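Trainee: Please walk me through this model, one feature at a time.

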Amino acid sequence: MNTATPADAHGSVAPLHFVDPRRFKENAREAVNDAHLRASFRSAMDFLQAKRASHFGEAQTFEPVRQVGESIRRHSLSRLPELLEMLERNLLARGVQVHWASTPEEANAIFLAIARDAGAKGMIKGKSMVSEEIELNHRMAEQGVDCLESDMGEYIVQLAGERPSHIIMPAIHKTKQQIAQLFAERIPDTPYTDDVDALIAIGRRVLRNEFRDAKIGVSGVNFMVAETGTLCLVENEGNGRMCTTVPDVHIAITGIEKVVERFEHVLPLFNLLTRSATGQAVTTYFNVISGPRREGELDGPRAVHLVLLDNGRTQAWRDPDFRSTLQCIRCGACMNHCPVYARIGGLAYGTTYPGPIGAIISPHLLGLEPTQALPTASTLCGACGEVCPVAIPIPDLLMKLRHAATHDPLPGHAPLAGQGAARSWKEALAWKAWAWVNQRPAWYALAVRIGRALRGLTPTRQGGWTAHRTPMKLARSGLRERLPKGVRRG
Ligand code: SF4
């Protein structure tokens, strides 16, 4: 990659801005009021749902393959430490350098050290949500290393100075007119056109030049095979293959949970991933990476590094209540079927992973304090759990996280980071009083009589409840009084 500034080389890349998940409720309110955003997400989600349904419309077709996917993921997680050790041994034998990172800071330090070693001032990147998780672009830019996204959707959001709003389709929130405007403004000598093919050709032209000069290519990983020491990468644009083969150094980054034991475990998961994500039977590219270029080979990187990130995953793995979170294969189907995500889009969440998967994984990555509102952003309709190709019980996990945000750990469980962060002593006291009264019929009857007598004093404004609903008021008479005498008991 050349060392010119982003503006000189591939269009003016605005600085990234990060949205705080603590602002989730305000962001969601703004997003709900944006009719244009709602319409784009609704139609995009309808499209993706129909694509998935063309493969998995019938439960009879879906359930058997999903059971296989679930059992592979559960098996892999049950042996996670052992498989990771096996993976490391086999990767080292193939000449891949393996790095372990507990935190985003450690992962970024590894990237920076490799870039310094290679004398690289820049990196070209394929799509990787884990690199978003560690804010790689931003952190490298602070150290004078320029990262350029080469996945078309990622390139668009990078040019716009935004974050991906969907884990599979990062720029799904943008219309073709917005992208046309962006290209015309940020890429030198680019006239406005909203012809999609022309826009793709413009992006390709810019990126192709960058591949030629890049010293370091970065990619994510979809599956790691412990037994063979192999990294698998699924993609449609071919940029992943370019990133992993053209530059002299390839750095792959992924979470520790992506390991499976045997190569034969990959195919069922690949099958579930592509059909659930984009409704494709297969993707255009399936890359199998088995180490650096060998003696006598004409192409491929001279060095391959794998960065394995924990960043809170061990916390989820350790707790039997939350381990299933790590079964995720990042297909995005839960987001596509979530009524909340479809209305507010991905950016409102303020986290790397939005939607239902974001609501269950982010509390482990970031702690429950900043993310406490996310598990509450669900109607618990169950659609996410029904479509998940590896049968993660997402609604159950949401309920458990809600509980963890307001309670101490259950006996035998270690506290989650930020456990109890949403606890309110007023609410706890109110529920204690409620329970006490409800267990004592005489007190209950007295409380109801007093409540009815004071009914007229019920406040008309009741916080968030009355923002969209009529005030709660005690009924004039209860069900028991309304029942015919002979039916009443007690
Ligand atoms: S939780 Fe399930 S549906 Fe959602 S992204 Fe992960 S694998 Fe896909």
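Trainee: Which helix gives the most to the lining of the second largest pocket?

Mentor: Rolling a probe the size of a water molecule over the atoms shows where empty space is left. Here α2 gives the most to that lining, with 5 residues. Helices are DSSP runs of H or I, at least four residues, numbered from the N terminus. A pocket is an open set of points on a 1 Å grid over the protein atoms alone, where a 1.4 Å probe fits, with protein on both sides within 12 Å along at least five of seven lines; lining residues have an atom within 4 Å of a point. This is a predicted model: local features need pLDDT of at least 70, side-chain atom pairs count only at pLDDT 80 or more, and totals for chains, interfaces and linings use all residues. Residues are numbered from 1 along each chain as its sequence is written, and side-chain values use heavy atoms, without hydrogens and water.

Trainee: Which residues are closest to the centre of the second largest pocket?

Mentor: Phe-24, Lys-25, Arg-29, Thr-376 and Arg-469, out of 25 lining residues. Alongside α2 (24–32), helices α16 (339–344), α20 (394–406) and α23 (465–468) each supply at least two lining residues.

Trainee: Which residues of α5 are buried?

Mentor: An α-helix has 3.6 residues a turn, so residues three or four places apart point the same way. In α5, the buried residues (under 20% relative accessible area, 1.4 Å probe, protein chains only) are Leu-80, Leu-83, Leu-84, Met-86, Leu-87 and Leu-91. Their arc around the axis, taken from the directions to the C-beta atoms, is only 160°, which puts them on the same side of α5. Glu-85, Arg-89 and Ala-93, on the face turned away, are exposed (over 50%).
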